[in-house]
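Biologist: Could you take me through one helix pair in close detail? I would like to know what meets what, and how the surroundings fit in.

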Amino acid sequence: MRRLLPAAFAALTLAPVAFAAPASTPLDLETIMANPDWIGQAVESPYWSVDGRHVYYSLKRDGSQLRDLYRVDPAGGPGVKLDPAALAQADGPAVFDREHRHAAFVLHGDVFMVDLASGRRSQVTRTPQDESAPRFSADGRALQFRDGNDWYSHDLASGVTAPAAVLKFVDDPQAKQPDALGARQLELFKTLRDIRNERQARHEQEKTLAAADPGRVPAPFFLGDQVSLVDSELSPDGRWLLLVTMPKDHEAGKAPELTHYVTDSGYSEQQETRAYVGRNDPAPQSLLLLDLASHRSWPLASDTLPGIKDDPLKDLRAKAIAALQKAGKDDQAKALKAPAVRAVRIISSADDGGGGGVVWSDDGRNLAIQLRAIDNKDRWIASVDFAKHALVNQQRLTDPAWINWNFNDFGWLKDGRTLWYLSEQDGYSHLYTKALDGKPRALTSGSFETSHPQLSEDGRWFYVRANQVAPYSYDVYRVPSAGGQLERVTNYQGMDDFALSPDGTRLAVLHSSPYVLSQLAVQPSAGGAPRELTDTMKPAFTARAWIAPKIVEVKSSHGAGNIYAKYYGPADESAASKPAVIFVHGAGYLQNVTLSWSNYFREQMFHNLLVQQGYVVLDMDYRASEGYGRAWRTAIYRQMGHPELEDLLDGKAWLVQNHHVDPERVGIYGGSYGGFMTEMALLRAPGEFAAGAALRPVSDWTLYNHEYTSDILNDPQLDPEAFKTSSPIEYADKLRDPLLIQHGLIDDNVLAEDSIRLYQRLIELHKKNFWISLYPMERHGFVHADSWHDEYRRIDELFETYVKPVKDASVAH
């Protein structure tokens with residue numbers, strides 16, 4: 001994972017649906033922490049049918065993790081759950097050829113094709129493995145698809161399917177030369193020479209026949225046994241295949257293990273997890289370009305990219321090396337020496353943020369590749385000069401902190417010669433275009449974020465998700481691909497996702513609100529009135545009078561501007577002194593102050609319960625949260641937990657000033673990154689919070705994974721001060737206030753050993769009022785209702801005991 005998972009990403013439990021009381025009945029933990037099937041189900045993954053007459057979507061089953069596929073008429077009417085027979089005839093998300101004569105999609109792992117004029121549907125593959133990524137060739141005569149990293153081409157006229165290339169990760173047996181002993185044998189024995197000559201003649205005959213007969217399987221590419229394949233991308237014209245490789249013998253570093261104590265077998269079982277940060281860098285990747293027509297290959301070297309030979313960590317490196325040399329650790333100092341050329345990785349579509357790392361133009365004549373330095377200070381988008389077999393830089397994005405995980409989408413306009421891409425180069429994610437020999441042009445600009453770009457089939461419009469109106473308000477916008485005015489298309493303020501119809505005239509839109517799960521609507525793509533197609537909420541939930549979170553702006557006392565937050569309080573708030581709770585969302589880089597359904601829906605219901613019990617609640621998008629631009633995101637570089645704590649303390653001061661909150665009666669809690677921040681709040685600001693609950697927290701960043709942690713704190717060998725500054729365990733001696741730690745024992749994201757180590761540290765420091773609650777059958781995101789209930793019962797009791805009671809003013813804190 002590139003991010004810490006928010007606590008509320010937990011999957012829905014299989015426990016029986018709890019009875020939901022009438023709206024007039026007070027909330028209780030049994031209800032809000034029960035299997036959330038009583039709330040309803042979110043509409044997921046909408047896509048259009050091939051003919052544009054229907055929209056498909058998925059719904060989770062009550063009492064199960066299984067999803068069912070539904071189909072709905074965009075003109076109106078109820079969605080219909082597809083039975084097995086109907087599923088066999090359903091469409092998948094489709095791609096079209098350039099002339100819109102054919103469509104293709106994947107269904108149950110196999111490739112299907114539809115003739116759009118006749119509606120005739122044909123099955124292209126029927127295999128036990130899963131095919132993916134179907135697309136039509138540039139000339140429309142073939143359908144290409146992949147099976148893992150192997151590409152195939154299906155000829156539409158003949159119906160023949162053949163591999164585009166055959167890759168063998170061994171040395172070419174024909175290229176092997178005899179050693180001295182073998183040469184001597186050939187000199188001595190005519191029979192051996194005859195056998196070798198016959199073998200060579202047979203090989204040459206096969207090459208000649210294959211060159212003259214396109215019906216034969218292509219000759220293999222022998223790539224050696226020193227590399228392994230990471231990714232491959234076939235050009236639409238079928239001539240080129242780009243390979244992304246890595247060293248086969250790369251060691252990821254020793255991986256810690258966790259123990260499953262409650263198992264089917266009755267025996268404890270071990271599970272290997274992931275290496276700690278800094279134990280070894282990710283494997284460097286290389287590019288190899290194969291010409292399938294001439295059967296030749298060329299490496300695409302990255303050493304010509306601008307800045308690739310610079311060391312952005314030069315000052316830190318010099319300081320770390322000097323310290324090691326002074327300590328007599330010359331071997332370790334030598335290991336920190338900067339490489340002559342920085343290693344790179346190709347941004348994969350599987351990475352968080354997505355976008356894909358390799359994109360061909362529709363005609364196959366141009367190729368763009370997105371590369372990221374392993375130190376994550378640079379991102380390059382490069383085209384390929386096929387004549388010189390070389391990368392040509394088109395855009396370099398440099399960040400002294402780290403390149404964002406999001407906002408890496410890029411591609412080609414319909415002309416096949418103009419790139420489009422997202423970039424944070426002006427401080428916010430915006431959409432740009434650039435001709436290969438031209439200058440970049442911004443299509444969007446301003447203090448807001450642009451994401452999820454989709455180019456219309458006619459190439460005239462980009463449709464994007466943006467929060468132009470306010471940081472917490474998201475809708476679909478469109479902008480001409482040639483440049484022009486950004487137009488707002490939807491008016492939900494809580495738009496979650498969208499899909500363009502095949503003809504580009506309509507949008508299928510997923511939208512939600514704080515107490516309404518994602519629902520499906522259809523509206524004209526140029527704007528207009530939407531038609532609502534689903535209502536999957538259940539009456540037991542909608543009948544309750546939930547507290548609408550009020551979005552407020554908390555002024556930063558440290559010059560950071562406004563901190564957006566959600567405030568929960570009673571409708572008839574009095575001037576009496578009251579207790580408060582501050583909730584801290586997880587993931588660090590995540591936005592929870594929006595007008596959409598929250599991933600923290602259980603926590604939101606818990607906040608309603610807290611208000612019912614006499615508290616008020618504040619949920620803040622502290623610095624490092626998503627949605628507010630680059631400066632907000634990178635404020636925590638080399639100092640995780642410090643700017644965020646300043647913001648949380650400003651939130652507390654705001655509650656005291658504006659809502660009569662007793663400063664001695666403020667609790668704090670959160671999960672994952674929110675758990676980390678709870679520990680930082682209690683340990684770095686003792687006395688500010690009456691009590692805190694840290695759920696699955698990171699207590700020592702040296703124990704977390706490499707991809708996430710090294711971006712923000714660099715490597716621990718290179719930047720030990722950043723890790724010391726940012727790890728709660730370093731401040732354990734400051735604990736004064738009650739701390740409840742809760743962790744799943746089989747958490748393979750933030751390992752339970754992280755919390756157990758802090759617990760041991762507190763024991764050795766002879767601290768009081770700290771507890772740990774461990775959950776033997778839970779990972780990072782809890783999935784069992786009993787665990788959710790127990791976890792929040794303990795949090796509720798913590799606050800009732802240490803936060804809610806009025807303190808005796810005569811007794812020192």
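Modeller: Happily; here is the helix pair, followed by the nonpolar cores. This is a predicted model, in which local features need pLDDT of at least 70 and side-chain atom pairs count only at pLDDT 80 or more, while totals for chains, interfaces and linings use all residues. Residues are numbered from 1 along each chain as its sequence is written, and side-chain values use heavy atoms, with hydrogens and water left out.

Helix α8 covers residues 601-612 and helix α15 covers residues 785-802; helices are DSSP runs of H or I with at least four residues, numbered from the N terminus. The two pack at an angle of about 35°, their axes 12 Å apart. Axes here are lines fitted to C-alpha atoms over the stretch in contact, and angles run from 0 to 180 degrees between N-to-C directions. The crossing of α8 past α15 is right-handed, meaning that the near helix is turned clockwise from the far one by less than a right angle.

On the α8 side, R602, E603, F606 and L610 make the contact (heavy atoms within 4.5 Å). Their counterparts in α15 are W788, Y792, I795, D796 and F799. By class, this contact has six nonpolar, three charged and no polar residues; Ala, Val, Leu, Ile, Met, Phe, Trp, Tyr, Cys and Pro count as nonpolar, Asp, Glu, Lys and Arg as charged, and the others, Gly among them, as polar.

Now to the cores. A nonpolar core is a set of buried Ala, Val, Leu, Ile, Met, Phe, Trp, Tyr and Cys residues joined through side-chain atoms within 4.5 Å, where buried means under 20% relative accessible area with a 1.4 Å probe, protein chains only. In the largest, of 82 residues, L618, M640, L655, Y673 and W701 touch the most other members. Helix α11 (residues 673-684) gives the most to this core, seven residues. Apart from it lies another core, of 41 residues, including L610 and W788.

Notes
Buried means under 20% relative accessible area, exposed over 50%, partly exposed in between (1.4 Å probe, protein chains only).
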